[in-house]
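Please look over the sequence and the structure shown here before reading on. The report that comes after them is meant to be read alongside both.

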Amino acid sequence: MHNTVKRAFLLLFVVGIFVVGTVILGFSFFRNSEEWATHRANAHIYSGGQISAAGTIYDSEGEILAQTKDSKRTYNPDSAVRKATLHAVGDTEGFMSTGVHALFESELTGYNIVSGTYYLSKYGIGNDINLTLDAKVCKTAYNALNGRKGTVGVYNYKTGEIICMVSTPTYDPENKPDTDTMNSDAYKAAYINKFLSASYTPGSVFKVVTSACAIENIPDIYTRTFDCDGEYEVGQTEVICNGKHGKQTFEQALNNSCNSAFAEISIELGKTKLQKTATDLGLTSSFEVDRVPLSRGTADFSKAVDIDMGWAGIGQYTITANPCMMMTLMGAIANDGNAVKPYYVSSITTPKGFS
């Protein structure tokens, strides 16, 4: 009897271990199956460490931005379009973290947790992804940058559709520079999508934030006048203006983008109020745009003296802002205070035509 009980407990222990192991295996499969299926060692998807089998990526007008052709991943035939849309489409090596090739890898390859990459093997292609970008507009923006480093973004402030998203420096994914060239200053930060993942000193566009703060905190702001003779003196120094605007109202000062007037307004508002407005408007916050967390801006005036506040009011000092966040703020103003979240992935279509 004693031996029977021992054997029973031993059997229960073994069964328990088996059940626990099965649960752990199931959980691991559920949690990691996508990563396992789309791993670079999977020859169904990758060739030579680069994604080769996946669906087609289209712009908003049906222009092909990337596709699999003869077991090879190819891009748009126009080199300027390839460069202009690279940060949105992504490379085949995985360096572009904000590109669709990386962010929507499982969708592009047709992976799902039930069938894995079965349909990729069956149909030879994955799911197609449609973007909101207009390739022609992106190309125009890229050409307008004319070799300068920066970013251009355009979106529909009513719907959130990003029409243009260009970041430079960039490169041609079908004629990528060699490693030494990519490490040179000319291509510094080429893998970063500056529109989503960088922050800049905003400059005069920040006057919109200062204006919002003034409207809320200075009761007579609309009847006030400001004198500009080309500079605004603060103690022993001054804030330099971009012109001599003479006597002007608050609205005229905003229209003229007058540094003198906005330095005066900012100093009057003080650091606490201006910092609160910048924070309330979301410039120091972040949200995701198609799985990409936006870079946070900064607006810390805690150590600012008067001259610092003068520069802060015109978007200088230590202020930084993310371009996409700033675009969203401007869109909210145009849209009667309603901020619509931007996006650039419009839809995903299976080989059978389902979205």
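The sections below go from the overall model to a hairpin, a surface patch and some backbone details.

## Confidence and overall make-up

This is a predicted model, with a mean pLDDT of 87 for the protein and with 81% of its residues reaching 70 or more. Confidence is not even along the chain, in that pLDDT stays under 50 over residues 32-48, a segment for which the model nevertheless has 39 contacts beyond four places in sequence.

The protein contains 14 helices and 15 strands, and 44% of its 355 residues count as buried. Among the contacts with a separation of 6 or more, 64% are accounted for by residues 24 or more positions apart. The accessible surface comes to about 18500 Å², and carbon and sulfur atoms hold 54% of that area.

## The hairpin of β7 and β8

Strand β7, made of residues 150-155, and strand β8, made of residues 162-168, run antiparallel and are joined by 6 bridges. Within this pairing Val-152 stands opposite Val-166, the latter belonging to β8. The hairpin has 6 residues between the strands, and there Gly-160 takes a positive phi near 95 degrees.

Beyond this turn, a further backbone feature involves Thr-168 and Pro-169, which are joined by a cis peptide bond with omega of about 5 degrees. Pro-169 itself is found in the loop between β8 and α7, the latter spanning 179-182.

## A nonpolar patch at the surface

Val-205, Met-330 and Ile-333 together make a nonpolar surface patch of about 220 Å². Of these residues, Met-330 is found in helix α14, which covers residues 323-334. With a relative accessible area of 32%, Met-330 is partly exposed, and it can be part of the patch because patches are made of residues with over 30% relative accessible area and no salt bridge.

## Positive phi outside glycine

Which phi does Ala-189 have, although it is not a glycine? The angle is positive, at about 65 degrees, and the residue lies in the loop between α7 and α8, where α8 spans 194-197. Ala-189 is partly exposed, its relative accessible area being 33%.

Asp-336 likewise has a positive phi, of about 55 degrees, although it is not a glycine. Its place is the loop between α14 and β15, the strand that spans 345-349. Asp-336 counts as exposed because its relative accessible area of 75% is over the 50% that marks exposed residues.

Conventions:
Residues are numbered from 1 along each chain as its sequence is written. This is a predicted model: local features need pLDDT of at least 70, side-chain atom pairs count only at pLDDT 80 or more; totals for chains, interfaces and linings use all residues. Side-chain values use heavy atoms; hydrogens and water are left out. pLDDT is the predictor's confidence in each residue, from 0 to 100. Contact means heavy atoms within 4.5 Å. Two strands pair if DSSP finds at least two bridges between them. Helices (H or I, at least four residues) and strands (E, at least two) are DSSP runs, numbered from the N terminus. Buried means under 20% relative accessible area, exposed over 50%, partly exposed in between (1.4 Å probe, protein chains only). Accessible areas come from the Shrake-Rupley method with a 1.4 Å probe; for residues, only the protein chains shown count as cover. Patches are made of residues with over 30% relative accessible area and no salt bridge: like charges are joined within 9 Å, nonpolar side chains (Val, Leu, Ile, Met, Phe, Trp, Tyr) within 5 Å. A salt bridge is a side-chain nitrogen of Lys or Arg within 4 Å of a carboxyl oxygen of Asp or Glu.
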